[in-house]
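Student: Could we go through this model together? I would like to begin with the ligand and then turn to the protein chain itself.

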Amino acid sequence: MNQPTQWIDLRSDTVTRPTPEMRRAMAEAEVGDDVYGEDPTVNRLEARAAEILGKEAGLFVPTGSMGNTIAVKLHTTHGQEVICEARSHVMNYELAMMAWFSGCLARPIPTPDGILRWTDIRKEYRPLHAHFAPTGLIELENTHNIAGGVVTPKEVIDEICDEAHNLGLKVHLDGARIFNAATYLGISAAELCAKADTVMFCLSKGLGAPVGSLLVGTREDMARARLYRKRLGGGMRQAGVLAAPGLIALERMPQRLAEDHANARLLAEGLARVRGISIDPAKVQTNILVFDVSATGLESFEISRRLKERGVLANGISPSLMRMVTHFDVDRAGCERALEAMEQAVRY
Ligand code: TLP
């Protein structure tokens, strides 16, 4: 276990600290200038990421947000729409970057479960028309963060990609937690993403690296993506020091994600027994829990404050909804302690 402090930090899986092995790899990394394409460690990471995701090439980016931003830019032109799920990260948590950088409007589709299906998308698809901005891109999120770590099955993604391609549209997959989705489905990330045109995934979430994400796709798209990364200020020079822990994350960490999923299920079962908390443990598939606290009579932000007094960190995502995320730095005992803290926090 890699418990960094006394806190039980369930705010996100982004909070993990690098392991001793990652820190050693950072110190010993072979480096060069990545803007010249000369950092051997970055080159290795990009090649391995592409291989593992079954794509031609990869690009190391500082953040998932930058990976999504570049993907939207790659596949669209100004004045188009990007179809995405209504609670998607790309629309709600990236400071309107698709408008700011790519000049596109989000066309959000609400779903009850966070899973976009072709039948929903077909209704919102628009060709160029006297009144309508045309659809430029379909964006999917797997796992879906705010829907509670929900997994979109491979058949659903495949159908969307086939139909989109028939209409000449590209599909970008925000796979910040694609290895969580693949773990849940018991298939490889490459199988799951086989038909998507580009995939972004994060090393810095469930995989435990301190920094970094990858965008993968065709060689041609990644060559263009490299220029957009530079425009966004993401040319990182001796970035091998960051790619080195990323390689460890990519090679070793996906295998342990089932542990986080089991801990999330344990938390869900415990939370379901707490007075005023509403969650269906059977719907918790991966490492994210989103639950309703309105029947406690308290707003989520007050519950967060009370939990913090008891050494547990968890955020509200609205007055009535809270999120908890399990990861490498919180073990089963930590989850049990978080449950005890929650029982106390909602008591008057
Ligand atoms: N998600 C963060 C916050 O921004 C909400 C978190 O704590 O979960 N796609 C998805 C699905 C994400 O969940 C995130 C980060 C990103 C993209 C962006 O990644 P970063 O933070 O590296 O820009």
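Tutor: What follows is a conversation about the ligand site, the aromatic pairs and some backbone features of this predicted model.

Student: How many residues surround the ligand, and which are the closest?

Tutor: The ligand is surrounded by 15 residues, and the closest are Ser12, Ser65, His89, Asp174 and Arg177.

Student: What kinds of residues make up that shell?

Tutor: Two are nonpolar, seven are polar and six are charged. Helix α3, residues 64–75, supplies the largest share of the shell, with three residues.

Student: Which ligand atom does the side chain of Asp174 approach, and at what distance?

Tutor: An N or O atom in the side chain of Asp174 is 2.6 Å from a nitrogen atom of the ligand. For His89, a polar side-chain atom lies 2.8 Å from a ligand oxygen atom. Lys205 also has a polar side-chain atom 3.0 Å from an oxygen atom of the ligand.

Student: And how much of the ligand does the protein cover?

Tutor: On its own the ligand has 510 Å² of accessible area, and the protein covers 83% of this. The space that the ligand takes is the second largest pocket.

Student: New topic: how many aromatic pairs are there in the whole structure?

Tutor: The search finds two. In one of them, Phe101 and Tyr228 have ring centres 6.2 Å apart and planes at 85 degrees, so this pair is edge-to-face.

Student: Where do Phe101 and Tyr228 lie in the chain?

Tutor: Phe101 is in the loop between α5 (97–100) and β4 (105–109), while Tyr228 is in helix α10 (residues 219–231), so the pair ties together parts that are 127 residues apart in sequence.

Student: What about the backbone: is the peptide bond from Asn142 to Thr143 cis or trans?

Tutor: That bond is cis, with omega near 0 degrees. Thr143 belongs to the loop between β5 (135–141) and α7 (154–166).

Student: And what is the phi of Leu95?

Tutor: Leu95 has a positive phi of about 50 degrees, although it is not a glycine. Leu95 is located in the loop between α4 (89–92) and α5.

Student: Why point out these two features?

Tutor: Most residues other than glycine have a negative phi, and most peptide bonds are trans.

Note on methods:
Residues numbered from 1 in each chain as written. Predicted model: local features only at pLDDT ≥ 70, side-chain atom pairs only at ≥ 80, totals over all residues. Heavy atoms only, no water. Near = heavy atom within 4 Å. Polar contact = N/O pair within 3.5 Å; in protein donor to acceptor, adjacent residues only side chain to side chain. Areas by Shrake-Rupley, 256 points an atom, 1.4 Å probe, with all protein chains shown as cover. 1 Å grid on protein atoms, 1.4 Å probe; cavity = no way out; pocket = protein on both sides within 12 Å on 5 of 7 lines; lining within 4 Å. Sits in = over half its atoms within 2 Å of the grid points. Helix = DSSP H or I, 4+ residues; strand = E, 2+ residues; numbered from the N terminus. Nonpolar A, V, L, I, M, F, W, Y, C, P; charged D, E, K, R; others polar. Phe/Tyr/Trp six-rings, centres within 6.5 Å; stacked < 30°, edge-to-face > 60°.
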